[in-house]
Each structure stands twice: as structure tokens, then as C-alpha cells.
Amino acid sequence: MLTTRFVDGAPNWIDVGSPDIDGAASFYGALFGWRFVSAGPDAGGYGFFQLDGRTVAGGMRTGPEQGPPAWTVYFRSEDAQATAKAAEEAHGSVLFQPMDVMGEGRMAILADRAGVPFGIWQPGRTAGVDMAGEPGALCWVELYTPDIAAAAAFYRRVLGLETSGVPFPGGTYTCVHPDGAGEDAMFGGMVPLADDPSEAESGAYWLPYFEVADTDAVVERAQRLGGTVRMPATSVEGVGRMAKLADPYGVRFAVIRGEPAQG
């Protein structure tokens, strides 16, 4: 599971780019209880979503030239420059070159072989988000991709990630975890686009999951707030009750009430 004991290759930050960051803050505030706090006058409008004083995500206003509104998942890197170079060598691309962020760390936006954007964060003063795996915080990420084998090879070379097959209702699920780590370090999965027609229509991307206490209540609340239900609340044995949603600006995300780990 995803935790704040960050290791190389695992997600350590997430932010949303929205055409209306005030509207997004209102939506996620009412949905998850988040509060949006500006990062200051030198941050270009960037700010932090906080829950009980702890940072769970970032966000800022973005325009069409920066791509469609979306959540961006960032993965921990010891060396942003080296990771960007590795992405290019693995037939990916660098969308936003590595840069310093006010001493907090270094970031870059890359894309994998299928064109899926993702971020990397090299910690400085800020290691990453303050919460993970708790209600209202990021708990899982899922890559929808046209080619599992190609994606696995790319992320193995660039981020040192390993994949493993896990029995799942209807087949096998490809889990992702950092190099050398065991099942407890699994933080996400890879899903063939062909297995989900609704996702195939919208193309390859990383989907973030946020832990919630009551999936059905969050789905109902999202609809009242102007969001869209992309997959209704569904229970999966051994996993939990999940739903896929989009905010009022079309930004895709998922929520889940995970089943307690079996001791």
C-alpha cells in the first residue's frame, strides 16, 4: 500500500491542473474536506490541498496550452535529470524539463512510450505529501495503457519498477511496486485499455485513487457537486468498494473504501 515512507520509484506527490482552481478547490473541499492554501506570491498561483493541516495534494490553474485538465502523479527520483534522460532513452519524452522548485525539490514532467504524462519529484526540503493511504488521501494509482509489456519495460528502466501478476476476479491484475520491495510496497497496477471500453475511448493515462470512508456517500456527493460518475460504486472481493468519477472540469479520479488487510 501507498505510504509516506517514500522510496525511489513510488508516488510521492500529486497535483491537479484545472481551468478553474477556485472551482476545483470548492469541489474537492466539499467532497473530501480539503482546504486549498496558496503556496505564496512567487508560486505562480500554485497551492496545496490540506486535510486537518496536512498536505494531501497540490493544484493550480492551467490553460489549454498545458493540455487537458488532469491529475498528475509524481514518482520519487534521486536524480530528476538522470530520470528524464532515462525516459528519453526508453523512447518516452520530456514534456517539462527538470527544474528547481524554490528549494523544496526538483520536478519534471515526462511521458511514457504511449504518451502518458507523469511527474517526477526529487526531494529537497519537501519529501512529498503528508498523507497517503488514509481517508481523504491518495492510496493507489493505476495506469491504463494499450500495451502492458511495453509499459512495464519502460517504467522498469526509468523508475526501477517491478510488476507481478495477482489473481483477480475475471483474470490476472498486474501490480506495480518499487525494485526489490515486497507485496506490502505495492502502490498501483497496470490495466490494458482493451479490457475497459470506457477507458479505451479516453486514451491511456494514470488514474489516482483516493481512500474514503464511504464510497456510496462520496459518489452521491460528487454528483450533487457537479461531478460525473464514470463507474458506479462497485464491490470487488478482497479489494474494497470503488467508483470512478470526474470533477466538474472533466478531471478523472477514483475513490475506494479498501478492505482491511487480512492478518
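**View 1. The hairpin of β3 and β4 holds a residue with a positive phi.**
Two residues lie between the strands of this hairpin, and D52 takes a positive phi near 55°. This is a predicted model. The phi of D52 is a positive value in a residue other than glycine. D52 sits in the loop between β3 and β4. With a relative accessible area of 73%, D52 is exposed. The cut-off for that word is over 50%. Now look at the strands on either side. β3 covers residues 47-51 and runs antiparallel to β4, with five bridges joining the two. One pair to find is G47, which stands opposite G59 in β4.

**View 2. Strand β1 is largely enclosed by the rest of the structure.**
β1 covers residues 11-18. Eight of its eight residues are buried, so the strand is largely enclosed. Buried here means under 20% relative accessible area. In a regular strand, side chains alternate between the two faces of the sheet.

**View 3. β1 pairs with β5 and with β4.**
Start with β5, residues 70-76. β1 and β5 run antiparallel and are joined by six bridges. D15 has T72 in β5 as its bridge partner. Next, find β4, residues 54-61. β1 and β4 pair in the parallel sense, over four bridges. Two pairs can be picked out here. G17 has M60 in β4 as its bridge partner. S18 has R61 in β4 as its bridge partner. β4 also takes part in the hairpin of View 1, where its partner is β3.

**View 4. Three nonpolar residues form a patch on the surface.**
The patch is made of L95, F96 and M99. Together they have about 270 Å² of accessible area. M99 belongs to strand β6, residues 93-100. Its relative accessibility is 34%, so M99 counts as partly exposed.

**View 5. Past the patch, D100 and R106 meet in a salt bridge.**
Side chains of opposite charge can pair when their charged atoms come close. In this view the side chains of D100 and R106 meet, at 3.1 Å from N to O. D100 is exposed, with a relative accessible area of 52%. Also look for M102, in the loop between β6 and β7. β7 covers residues 105-111. The phi of M102 is near 50°, a positive value in a residue other than glycine. M102 is partly exposed, at a relative accessible area of 46%.

**View 6. Helix α3 has the span expected for its number of residues.**
α3 has twelve residues, 148-159. At 1.5 Å a residue, the helix should span 16 Å. Its end C-alpha atoms are 16 Å apart, so the two values agree. At the start of α3, a side-chain oxygen of D147 reaches to within 3.2 Å of the backbone nitrogen of A149. Just after the helix, G160 takes a positive phi of about 75°.

**View 7. Which residues of α3 are buried?**
They are I148, A150, A151, A152, F154, Y155, V158 and L159. An α-helix has 3.6 residues a turn, so residues three or four places apart point the same way. Keep that rule in mind while following the buried residues along the helix.

**View 8. E89 and R157 form a salt bridge between two helices.**
The structure holds nine salt bridges, and this view shows one of them. The closest N and O atoms of E89 and R157 are 4.0 Å apart. E89 lies in helix α2, residues 80-89, and R157 lies in helix α3. The pair links distant parts of the chain, 68 residues apart. E89 is partly exposed, with a relative accessible area of 41%.

**View 9. D179 and R156 form another salt bridge.**
Here the closest N and O atoms are 3.2 Å apart. D179 lies in the loop between β11 and β12, while R156 lies in helix α3. The pair therefore ties together parts that are 23 residues apart in sequence. D179 is partly exposed, with a relative accessible area of 48%. R156 also counts as partly exposed, at 40% relative accessibility. Salt bridges that share partners join R156, E162 and D179 into one network.

Key. Residues numbered from 1 in each chain as written. Predicted model: local features only at pLDDT ≥ 70, side-chain atom pairs only at ≥ 80, totals over all residues. Heavy atoms only, no water. Buried < 20%, exposed > 50% of the residue type's maximum accessible area, 1.4 Å probe, protein only. Pairing = 2+ DSSP bridges. Patch = residues over 30% accessible without salt bridge, like charges linked within 9 Å, V, L, I, M, F, W, Y side chains within 5 Å. Areas by Shrake-Rupley, 256 points an atom, 1.4 Å probe, with all protein chains shown as cover. Expected span 1.5 Å × (residues − 1). Polar contact = N/O pair within 3.5 Å; in protein donor to acceptor, adjacent residues only side chain to side chain.
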